[in-house]
Amino acid sequence: YEEGTWTPTPGGTNPSWYQQVGTYVKIGSLVHCDMWLQASSTTTSTSAIALNLPFTSSNANASRPTSGIARCYGLRNWGSLGTAYGYVTGNSAILNFRWVSAGANPGSMSMNLWQDGAEIHMSISYRTDA
């Protein structure tokens, strides 16, 4: 059993942050993470939003990525975009984000959605070999 914190950090060009908080609980090979990011500036980067995770995921279920629903608030140009989710594939320590809108295939969430005050809150549980 282990509890800890880490700083969820997107790759690429980042905005500045009001909040950049991550906590986790690890019990055996199961990891549960909670995170909150709130931007204090805007970025125009078109890189996909991908956050680091505290542990590398297990490769046991590589063909079935683990996912969790994300709460998004105040993202720039979010408009009619619907639900957001994050997922981690096998043998990875990266959480990728996608948006889902009715009648459309999921699309990659780009860093240029960040603006002052925009937030993403998320919880995800996944397996690790660590």
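Which residue in the turn of the hairpin formed by E2 and E3 has a positive phi? In this predicted model, the residue is Gly28, with a phi of about 60°, and two residues stand between the two strands. That turn is a handy place to begin, and the paragraphs below work outward from the overall fold to the strands, the hairpins and one loop.

The secondary structure of the protein consists of nine strands and zero helices. Followed along the sequence, the pattern is therefore simple to read, β-β-β-β-β-β-β-β-β, and with a radius of gyration of 14 Å, close to the 14 Å that the globule rule gives for 130 residues, the protein is as compact as a globular protein of that length. Along the principal axes, the C-alpha atoms fill a box of roughly 40 × 35 × 20 Å. Among the 130 residues, 41% count as buried. The exposed surface of the protein comes to about 6500 Å², and 47% of this area is supplied by carbon and sulfur atoms. As for charge, the protein carries 6 positive and 6 negative side chains, with 11 Å between the centres of the two sets.

How much of the contact total comes from residues 24 or more positions apart? Of the contacts in the protein with a separation of 6 or more, such residues account for 65%. The strand pairings described next can be traced on the structure one at a time.

One series of pairings involves E1, E2, E3 and E9. Strand E1, residues 2–6, pairs with E2 in the antiparallel sense over five bridges, and here Gly4 is placed opposite Tyr24 of E2. Strand E2, residues 17–27, is in turn joined to strand E3, residues 30–39, by ten bridges, and these two strands also run antiparallel. Two partnerships help to locate this pairing by eye: Gly22 has Met35 in E3 as its bridge partner, while Val25 is partnered by His32 in E3. On from there, E3 is joined by nine bridges to strand E9, residues 119–127, again in an antiparallel arrangement. His32 appears here too, standing opposite Ser125 in E9.

Another series is built around E7. Strand E4, residues 50–52, and strand E7, residues 94–100, are antiparallel and share three bridges, with Ala50 opposite Asn96 in E7. E6 pairs with E7 as well, in the antiparallel sense and over five bridges; in this pairing, the partner of Tyr87 is Asn96. Asn96 is thus a useful landmark, since Ala50 stands opposite it and Tyr87 has it as a bridge partner. E7 also pairs with strand E8, residues 107–108, through two antiparallel bridges, and Trp99 has Gly107 in E8 as its partner.

Two hairpins belong to this series. Six residues lie between the strands in the hairpin of E7 and E8, where Gly103 has a positive phi near 80°. In the hairpin of E6 and E7, five residues lie between the strands, and Asn91 takes a positive phi near 60°. Most residues other than glycine have a negative phi. Asn91 is not a glycine, yet its phi is positive. Is Asn91, in the loop between E6 and E7, buried or exposed? Asn91 is exposed, with a relative accessible area of 54%.

A final stop is Arg76, in the loop between strand E5 (66–73) and strand E6 (83–88). Which residues does Arg76 contact, once its neighbours within four places in sequence are left aside? The contacts are with Thr42, Thr43 and Thr44, and also with Asn112, Leu113, Trp114 and Gln115. One of these residues, Trp114, is 38 residues from Arg76 along the chain, but the C-alpha atoms of the two are separated by 6.1 Å.

Notes:
Residues numbered from 1 in each chain as written. Predicted model: local features only at pLDDT ≥ 70, side-chain atom pairs only at ≥ 80, totals over all residues. Heavy atoms only, no water. Helix = DSSP H or I, 4+ residues; strand = E, 2+ residues; numbered from the N terminus. Rg over C-alpha atoms; globule rule 2.2 N^0.38 Å. Buried < 20%, exposed > 50% of the residue type's maximum accessible area, 1.4 Å probe, protein only. Contact = heavy atoms within 4.5 Å. Areas by Shrake-Rupley, 256 points an atom, 1.4 Å probe, with all protein chains shown as cover. Lys, Arg positive; Asp, Glu negative; His and termini not counted. Charge placed at Lys NZ, Arg CZ, Asp CG, Glu CD. Pairing = 2+ DSSP bridges.
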